[in-house]
Amino acid sequence: MNISFSTVDYMHKEIMDEMLDKFKCVYEKGWFISGEECAKFEGAFASYQNRKYCIGCGNGLDAIMLSLKALNISKGDEVIIPSNTFIATALAVSYAGATPVFVEPRIETYNFNPELIEEKITPRTKAIIVVHLYGQPAEMDTICDIAKKHNLFLVEDCAQAHGATYKGKKIGQFGNAAAFSFYPGKNLGALGDAGAVITDEEKLAEIIRTLGNYGSIEKYNHLYQGNNSRLDEVQAALLCIKLKYLDKWNKERQRIAQRYMNEITNPKVILPNVIDDVEPVWHIFAIRCKDRDRLERFLGEGGIGTNKHYPIPLHLQKAYQELEIPKGAYPIAEEISATELSIPMYYGMTDEEIQYVIESINKFE
């Protein structure tokens with residue numbers, strides 16, 4: 001049996017006619033940037049997230065960067081981020097001109113350990129970016145309290161957590177702003193790069209939108225040194241269709257995850273821990289194994305696709321060598337990087353395929 005690590009084929013087949021009809025509509029209209037389709041999606045996504053404003057942009061990295069720039073974070077400032085996340089979180093800080101400062105996660109959940117945040121706060125700290133990694137909500141009550149106590153901006157990186165909830169409240173509702181990626185493989189994915197920022201702050205929303213449009217409110221009049229980062233009409237139109245199905249697709253991911261949690265019993269494999277009062281959406285189902293590379297080969301030989309998120313931690317990436325952080329400085333991030341393996345998780349997996357993944361993992365010796 002061959003099982004992909006991830007695929008969008010099943011969801012796309014179900015909505016293909018609707019998507020093609022919408023594409024034809026946009027194509028015939030001939031308006032491809034900053035039109036009614038973008039406005040419609042922004043309104044729908046803001047409503048789904050229960051926030052006042054949504055600003056479409058080019059991708060998830062830009063969504064974080066524009067949020068930071070709009071919060072006036074720049075050279076000389078520090079922004080606290082997790083030590084284990086995709087590099088886009090750190091790059092957004094760098095592109096804003098600030099310096100990323102890493103904080104270790106709890107190894108059981110892969111998310112920020114709030115107990116370690118305050119020791120990294122300095123007079124230069126201006127913001128915290130909390131990442132809801134793999135679709136697991138972070139410990140938002142404590143993190144929000146820390147941000148408020150130290151008068152820090154809070155930005156949520158929700159790139160992997162569309163629809164996840166914390167104590168009954170959708171993630172993305174806690175910070176000054178929340179950034180989303182709609183990369184095709186996300187739970188809510190476009191058919192190309194796309195992103196968005198949500199916020200309840202009117203002035204912040206206005207600045208983010210202006211920054212993403214070359215720093216301009218009216219043509220040829222530029223208030224800021226902005227960027228070209230706009231959600232195009234085609235992607236917005238298709239996302240608006242897919243948003244209607246997001247909860248259904250997430251429920252199926254949750255069902256698959258529950259089977260993995262209940263039925264993977266191999267003592268060599270460590271399952272993710274879910275904190276109380278949250279609903280993850282399982283963009284990634286991340287297991288850990290001390291003999292990760294051999295497990296990866298074993299599953300691959302059985303036709304099971306896997307991935308590693310992420311095999312080199314941020315502080316050891318060549319891109320951040322100027323920070324001069326030695327190996328061993330962030331042992332939990334390094335441990336996760338060396339042991340994490342992501343197993344198949346997507347809408348459309350059959351019970352037979354799920355069972356095969358479970359049985360194969362349990363057979364690993």
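Reader: Which residue follows helix H7, and is its phi positive or negative?

Author: Tyr 214 follows H7, and its phi is positive, near 65°. Keep in mind that this is a predicted model.

Reader: Which residues of H7 are buried?

Author: Helix H7 spans residues 202-212. Its buried residues are Leu 204, Ala 205, Ile 207, Ile 208, Thr 210, Leu 211 and Gly 212.

Reader: What covers the buried residues of H7?

Author: The cover includes E1, H4, E8, E9 and strand E10 (216-218). Several of these names return in the sheet.

Reader: Then the sheet. How many strands does it have, and in what order?

Author: Read the order from one edge to the other. Here 7 strands form an open sheet, E1-E9-E8-E5-E4-E2-E3, and the pairing is mixed. Strand E1 (53-57) and strand E3 (99-103) are the edge strands, each pairing on one side only. On average, neighbouring strands of this sheet are turned by 25° against each other, direction ignored.

Reader: Is E8 paired in the parallel or the antiparallel sense with E9?

Author: Antiparallel, over 4 bridges. Across that pairing, Ser 181 stands opposite Gly 195 in E9. With strand E5 (residues 153-157), strand E8 (residues 177-181) pairs in the parallel sense, over 3 bridges. There, Val 155 stands opposite Ala 177 in E8.

Reader: Which way do the side chains of E8 point?

Author: In a regular strand, side chains alternate between the two faces of the sheet. In E8, Ala 177, Ala 179 and Ser 181 point one way. Ala 178 and Phe 180 point the other way. All of them are buried.

Reader: Why is E8 described as largely enclosed?

Author: Count its buried residues. In E8, 5 of the 5 are buried, so the strand is largely enclosed by the rest of the structure.

Reader: Which strands does helix H3 lie across?

Author: Helix H3 (residues 36-49) lies across E1, E8 and strand E9 (195-199). Relative to E1, H3 runs at about 130°. Helix H4 (residues 60-70) also packs on the sheet, touching E1, strand E4 (125-131), E5, E8 and E9. The direction of H4 makes about 160° with that of E8.

Reader: Now the rings. How many aromatic pairs are there?

Author: The count comes to 16 aromatic pairs. Take one of them, Phe 45 with Phe 182. Their centres are 5.4 Å apart and their planes make 85°, an edge-to-face pair. Phe 45 lies in helix H3 and Phe 182 in the loop between E8 and E9, so the pair ties together parts 137 residues apart in sequence.

Reader: Are these two rings buried or exposed?

Author: Buried means under 20% relative accessible area. Phe 45 is at 0% and therefore buried. Phe 182, also at 0%, counts as buried too.

Reader: Which residues form the aromatic cluster with Phe 45?

Author: Phe 41, Phe 45, Tyr 48, Phe 180 and Phe 182 form one cluster.

Reader: Which charged end sits over the ring of Tyr 48?

Author: That of Lys 170, 4.2 Å from the ring centre. Elsewhere, the charged end of Lys 169 sits over the ring of Phe 174, 4.8 Å from its centre.

Reader: On to the nonpolar cores. Which residues of the largest core touch the most other members?

Author: Look for the hubs. This core has 45 residues, and Leu 68, Val 79, Ile 81 and Ile 129 touch the most other members. At least two residues each come from E1, H4, strand E2 (78-82), H5, E4, E8, H7 and helix H11 (331-339). H4 gives the largest share, 7 residues. Apart from this core lies another, of 44 residues, including Phe 41, Ile 117, Ile 146 and Phe 174.

Reader: What does Leu 68 touch beyond residues up to four places away in sequence?

Author: Its partners are Ile 73, Ala 92, Val 93, Ala 96, Ile 129 and Val 155.

Reader: Last one. Where is Ile 87 found?

Author: In helix H5 (residues 87-95). Neighbours within four places in sequence aside, Ile 87 is in contact with Leu 314, Ala 319 and Tyr 320. Ile 87 and Leu 341 are 254 residues apart in sequence, and their C-alpha atoms are 18 Å apart in space.

Note on methods. Residues numbered from 1 in each chain as written. Predicted model: local features only at pLDDT ≥ 70, side-chain atom pairs only at ≥ 80, totals over all residues. Heavy atoms only, no water. Contact = heavy atoms within 4.5 Å. Pairing = 2+ DSSP bridges. Axes fitted to C-alpha atoms, helices over the stretch in contact; angles between N-to-C directions. Buried < 20%, exposed > 50% of the residue type's maximum accessible area, 1.4 Å probe, protein only. Phe/Tyr/Trp six-rings, centres within 6.5 Å; stacked < 30°, edge-to-face > 60°. Lys NZ or Arg CZ within 6 Å of the ring centre and 35° of its normal. Core = buried A, V, L, I, M, F, W, Y, C linked by side-chain atoms within 4.5 Å.
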